[in-house]
Amino acid sequence: MGNLERKIETFIQVFVNQGGYRNVLTGLKNTLIIAVSGLIIGILIGTLIATVRVIPKKGGIMGFLNWLCSVYVGFFRGTPVVVQLLLFYYVMLPIIGVKMSSVSVAVCVFGLNSGAYISEIMRGGILSIDPGQMEGGRAVGLSYGTTMMKIIIPQAVKNILPTLGNEFIALIKETSVVSFVGATDLYVAFNYIGSNSYEFMVPYIVMALIYIVMVVIITLLIKVMERSLRKSDKSL
């Protein structure tokens with residue numbers, strides 16, 4: 001017990017007295033920025049790709065766009081996110097001569113990666129909607145795109161909300177790899193504390209607890225949203 005108390009005291013000394021908490025706050029902020037921004041970008045890209053892939057194909061431009069979307073999804077689903085980070089940060093950006101911060105690169109890569117997964121999730125959600133909904137929208141004079149955006153996609157989002165919550169949780173956990181491009185996240189922050197205290201057990205346990213708390217909060221928020229949507233459906 002004495003050994004554990006010493007470990008905790010060492011952690012508190014580095015965390016408080018040596019300013020380790022500042023790194024933790026920065027890491028937590030970057031983790032949330034990357035995950036939330038990545039999810040928003042992913043939803044936008046995923047919805048667009050899913051819409052393209054469910055539109056009836058008649059060759060021409062739509063056939064080409066469908067092929068392009070398939071290549072995009074295949075790449076981002078077929079390679080680890082850490083490989084995508086390294087390719088974008090150390091290969092693509094230097095080639096095109098663009099300078100971006102490591103956090104900005106992480107936001108872009110996580111958004112593109114999430115878009116590939118959400119596109120398949122959204123496509124399944126769209127296909128789960130009764131085809132009569134599309135026929136009804138077209139019957140009252142709405143265009144295909146308007147019917148999709150105002151009738152089909154809102155219903156699909158309701159159906160896939162729990163899966164989107166899981167995707168957000170996955171993004172939160174996957175941000176632990178952004179240290180490969182020099183971004184400060186929770187892992188980097190707690191690794192700093194461990195390196196300065198020569199004791200990694202307590203910092204890593206605290207880091208794991210923070211991730212667990214974030215996941216629990218997200219899970220509760222998703223459940224609240226689900227209940228709210230169910231109540232709105234019953235009131236109709």
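Here are some worked exercises on the predicted model shown above.

**Exercise 1. The nonpolar core**

Task: find which members of the largest nonpolar core touch the most other members, and which helix supplies the largest share.

Solution:
- Step 1. Start with the core itself, which has 55 residues. Leu85, Phe110 and Ile126 are the ones that touch the most other members.
- Step 2. Now go through the helices. At least two core residues come from each of H1 (2-17), H2 (20-54), H3 (60-78), H4 (81-96), H5 (102-127), H7 (144-174), H8 (186-197) and H9 (201-235).
- Step 3. Pick out the top supplier: H5 gives eleven residues, the largest share of this core.
- Step 4. Zoom in on isoleucine 126. Skip its neighbours within four places in sequence, and its contacts are Ala50, Val54, Met148, Ile152, Ile153 and Ala156.

**Exercise 2. How H2 meets H8**

Task: work out how H2 and H8 are oriented to each other, and which residues meet.

Solution:
- Step 1. Look at the axes of the two helices. They come within 7 Å and cross at roughly 165°.
- Step 2. Put a name to that angle. Angles over 145 degrees count as roughly antiparallel, so H2 is roughly antiparallel to H8.
- Step 3. Check the hand: H2 passes H8 in a left-handed crossing.
- Step 4. List the residues on each side. H2 brings Gly20, Asn23, Val24, Gly27, Leu28 and Thr31, and these meet Leu186, Ala189, Phe190, Tyr192 and Ile193 of H8.
- Step 5. Take a closer look at tyrosine 192, which sits in helix H8. Tyrosine 192 counts as partly exposed because its relative accessibility is 32%. Leaving out residues up to four places away in sequence, tyrosine 192 touches Gln18, Gly20 and Asn23.
- Step 6. For a sense of distance, compare with serine 104. Tyrosine 192 and serine 104 are 88 residues apart in sequence, and their C-alpha atoms are 22 Å apart in space.

**Exercise 3. Two oblique pairs**

Task: describe how H4 crosses H5 and how H6 crosses H7.

Solution:
- Step 1. Begin with H4 and H5, whose axes come within 10 Å and cross at roughly 125°. These helices are therefore oblique to each other.
- Step 2. Add the hand and the residues. H4 passes H5 in a right-handed crossing. On the H4 side, Val81, Gln84, Leu85, Phe88, Tyr89 and Leu93 make the contact, and on the H5 side Ser102, Val105, Ala106, Val109, Phe110, Leu112 and Asn113 do.
- Step 3. Move on to helix H6 (residues 131-139) and H7. Their axes come within 9 Å and cross at roughly 140°, so H6 and H7 are oblique to each other.
- Step 4. H6 passes H7 in a right-handed crossing. Gln133, Met134, Gly137 and Arg138 of H6 meet Tyr144, Thr147, Met148, Ile151, Ile152 and Gln155 of H7.

**Exercise 4. Buried or partly exposed?**

Task: sort threonine 10, threonine 47 and serine 102 into buried or partly exposed, then look at what surrounds them.

Solution:
- Step 1. Fix the cut-off: buried means under 20% relative accessible area, exposed over 50%, and partly exposed in between.
- Step 2. Threonine 10 is in helix H1. Its relative accessibility is 26%, so threonine 10 counts as partly exposed.
- Step 3. Check the side chain of threonine 10. One of its polar atoms lies 2.8 Å from the backbone oxygen of arginine 6. Threonine 146 is 136 residues away from threonine 10 in sequence and 60 Å away in space, C-alpha to C-alpha.
- Step 4. Threonine 47 belongs to helix H2. Threonine 47 counts as buried because its relative accessibility is 13%. Beyond its neighbours within four places in sequence, threonine 47 is in contact with Gly42, Met122 and Ile153.
- Step 5. Serine 102 lies in helix H5. With a relative accessible area of 13%, serine 102 is buried. Setting aside neighbours within four places in sequence, serine 102 is in contact with Tyr89, Val181, Gly182 and Ala183.
- Step 6. Finish with a distance along the chain and in space. Serine 102 and threonine 184 are 82 residues apart along the chain, and 8.7 Å separates their C-alpha atoms.

Definitions and conventions
Residues are numbered from 1 along each chain as its sequence is written. This is a predicted model: local features need pLDDT of at least 70, side-chain atom pairs count only at pLDDT 80 or more; totals for chains, interfaces and linings use all residues. Side-chain values use heavy atoms; hydrogens and water are left out. A nonpolar core is a set of buried Ala, Val, Leu, Ile, Met, Phe, Trp, Tyr and Cys residues joined through side-chain atoms within 4.5 Å. Buried means under 20% relative accessible area, exposed over 50%, partly exposed in between (1.4 Å probe, protein chains only). Helices (H or I, at least four residues) and strands (E, at least two) are DSSP runs, numbered from the N terminus. Contact means heavy atoms within 4.5 Å. A polar contact is a pair of N or O atoms within 3.5 Å; within protein, one must be able to donate a hydrogen and the other to accept it, and residues adjacent in sequence count only if both atoms are side-chain atoms. Axes are lines fitted to C-alpha atoms, for helices over the stretch in contact, and angles run from 0 to 180 degrees between N-to-C directions. Angles under 35 degrees count as roughly parallel, over 145 as roughly antiparallel, 65 to 115 as roughly perpendicular and the rest as oblique. A crossing is left-handed if the near helix is turned anticlockwise from the far one by less than a right angle, and right-handed if clockwise.
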